[in-house]
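Welcome! Have a look at the structure below and then try the exercises at your own pace.

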Amino acid sequence: QVQLVESGGGLVQAGGSLRLSCAASGVILGINTMGWYRQTPGKQRELVAVISSGGRTDYADSVKGRFTISSSDGRSTVYLQMNGLKPEDTAVYYCYADLVVGLAGSTSNYWGQGTQVTVSS
């Protein structure tokens, strides 16, 4: 059973910083991509940042220059360092992973349970 466990959300004032963590556990044969999405009520979940197994990163335009995604040496933990937070960054942040799992080595997508980030003005 593969699980993604997130931590690090909370309440912060505008201009402040938070660091989110997401650890993947279970029988994982490989990691293709891990990343972060966010969602606010009434809106679709949107990409925030992703990192590939080769270390390539991609960011939403709205967070470029403020957020940094990174991963642990084994690639099974991904971090999102969020600096210069704005009220519009308020959302539930979800960890995402595209993993190679199972005896057949198939690719499957997984989501974390979500962590609330609230930025006050």
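The exercises below each come with a worked solution, and the model they use is predicted.

**Exercise 1. The disulfide**

Task: Find which cysteines form a disulfide, and work out whether the disulfide is left-handed or right-handed.

Solution:
- Step 1. Look for cysteine sulfur atoms within 2.5 Å. Cys22 and Cys95 meet this cut-off, with their sulfur atoms 2.0 Å apart, and the count comes to one disulfide.
- Step 2. Place the two cysteines on the chain. Cys22 is in strand β3 (residues 18-25) and Cys95 is in strand β9 (residues 91-101), so the pair links distant parts of the chain, 73 residues apart.
- Step 3. Turn to the torsion about the S-S bond. For Cys22 and Cys95 that torsion is about -80 degrees, so the disulfide is left-handed.
- Step 4. Check the surroundings. Both Cys22 and Cys95 are buried.

**Exercise 2. A cluster of rings**

Task: Work out how the rings of Tyr37 and Tyr96 are arranged, then do the same for Tyr96 and Trp111.

Solution:
- Step 1. Recall what is needed. A pair of aromatic rings is described by the distance of the centres and the angle of the planes. The count for this model comes to three aromatic pairs.
- Step 2. Take Tyr37 and Tyr96. Their ring centres are 5.6 Å apart and their planes stand at 65 degrees; planes over 60 degrees apart count as edge-to-face, so this pair is edge-to-face.
- Step 3. Locate this pair. Tyr37 lies in strand β4 (residues 28-39) and Tyr96 in strand β9, so the pair ties together parts that are 59 residues apart in sequence.
- Step 4. Move on to Tyr96 and Trp111. Here the ring centres are 5.1 Å apart and the planes are at 55 degrees, so the pair is tilted. Trp111 belongs to strand β10 (residues 106-111), and 15 residues separate it from Tyr96 in strand β9.
- Step 5. Put the pairs together. Ring pairs link Tyr37, Tyr96 and Trp111 into a cluster.
- Step 6. Compare accessibility. Tyr96 has a relative accessible area of 14% and is buried, whereas Trp111, at 39%, counts as partly exposed.

**Exercise 3. Charges over rings**

Task: Which ring does the charged end of Arg45 sit over, and which ring does Arg19 lie over?

Solution:
- Step 1. Start from Arg45. Its charged end sits over the ring of Trp111, 4.6 Å from the ring centre. Trp111 is also a member of the ring cluster in Exercise 2.
- Step 2. Continue with Arg19. This residue lies over the face of Tyr79, at 4.1 Å from the ring centre.

**Exercise 4. The cavity**

Task: Which strand gives the largest share of the lining of the largest cavity?

Solution:
- Step 1. Think about the search. Rolling a probe the size of a water molecule over the atoms shows where empty space is left.
- Step 2. Count and size. The whole structure holds one cavity of 30 Å³ or more, and the volume of the largest cavity is about 40 Å³.
- Step 3. List the lining of the largest cavity: Ile31, Thr33, Met34, Ile51, Ser52, Ser53, Ser71 and Arg75.
- Step 4. Assign the lining to strands. At least two residues each come from β4 and β5 (46-52). The largest share, three residues, is from β4.

**Exercise 5. Two buried residues and a loop residue**

Task: Decide whether Leu4, Ile69 and Pro87 are buried or partly exposed, and find some of their contacts.

Solution:
- Step 1. Use the cut-off: buried means under 20% relative accessible area. Leu4, at 7%, is buried; Ile69, at 4%, is buried; Pro87, at 35%, is partly exposed.
- Step 2. Follow Leu4 in strand β1 (residues 3-7). Leaving out residues up to four places away in sequence, Leu4 touches, among others, Cys22 and Cys95 from Exercise 1, as well as Tyr96 and Trp111 from Exercise 2.
- Step 3. Follow Ile69 in strand β7 (residues 67-71). Beyond neighbours within four places in sequence, its contacts include Met34, Ile51 and Tyr79. Of these, Met34 and Ile51 also line the largest cavity.
- Step 4. Follow Pro87, in the loop between β8 (77-82) and β9. Apart from neighbours within four places in sequence, Pro87 is in contact with Ala14, Val119 and Ser121. The C-alpha atoms of Pro87 and Thr118 are 7.3 Å apart, although 31 residues separate them along the chain.

Definitions and conventions: Residues are numbered from 1 along each chain as its sequence is written. This is a predicted model: local features need pLDDT of at least 70, side-chain atom pairs count only at pLDDT 80 or more; totals for chains, interfaces and linings use all residues. Side-chain values use heavy atoms; hydrogens and water are left out. Helices (H or I, at least four residues) and strands (E, at least two) are DSSP runs, numbered from the N terminus. Buried means under 20% relative accessible area, exposed over 50%, partly exposed in between (1.4 Å probe, protein chains only). Rings of Phe, Tyr and Trp (its six-membered ring) pair if their centres lie within 6.5 Å; planes under 30 degrees apart count as stacked, over 60 as edge-to-face and the rest as tilted. A charge sits over a ring if NZ of Lys or CZ of Arg is within 6 Å of the ring centre and within 35 degrees of the ring normal. Contact means heavy atoms within 4.5 Å. On a 1 Å grid over the protein atoms alone, a cavity is a set of points where a 1.4 Å probe fits but cannot get out, and a pocket is an open set with protein on both sides within 12 Å along at least five of seven lines; lining residues have an atom within 4 Å of a point. Grid points are joined across faces, edges and corners, and a volume is the space filled by probe spheres set on the points.
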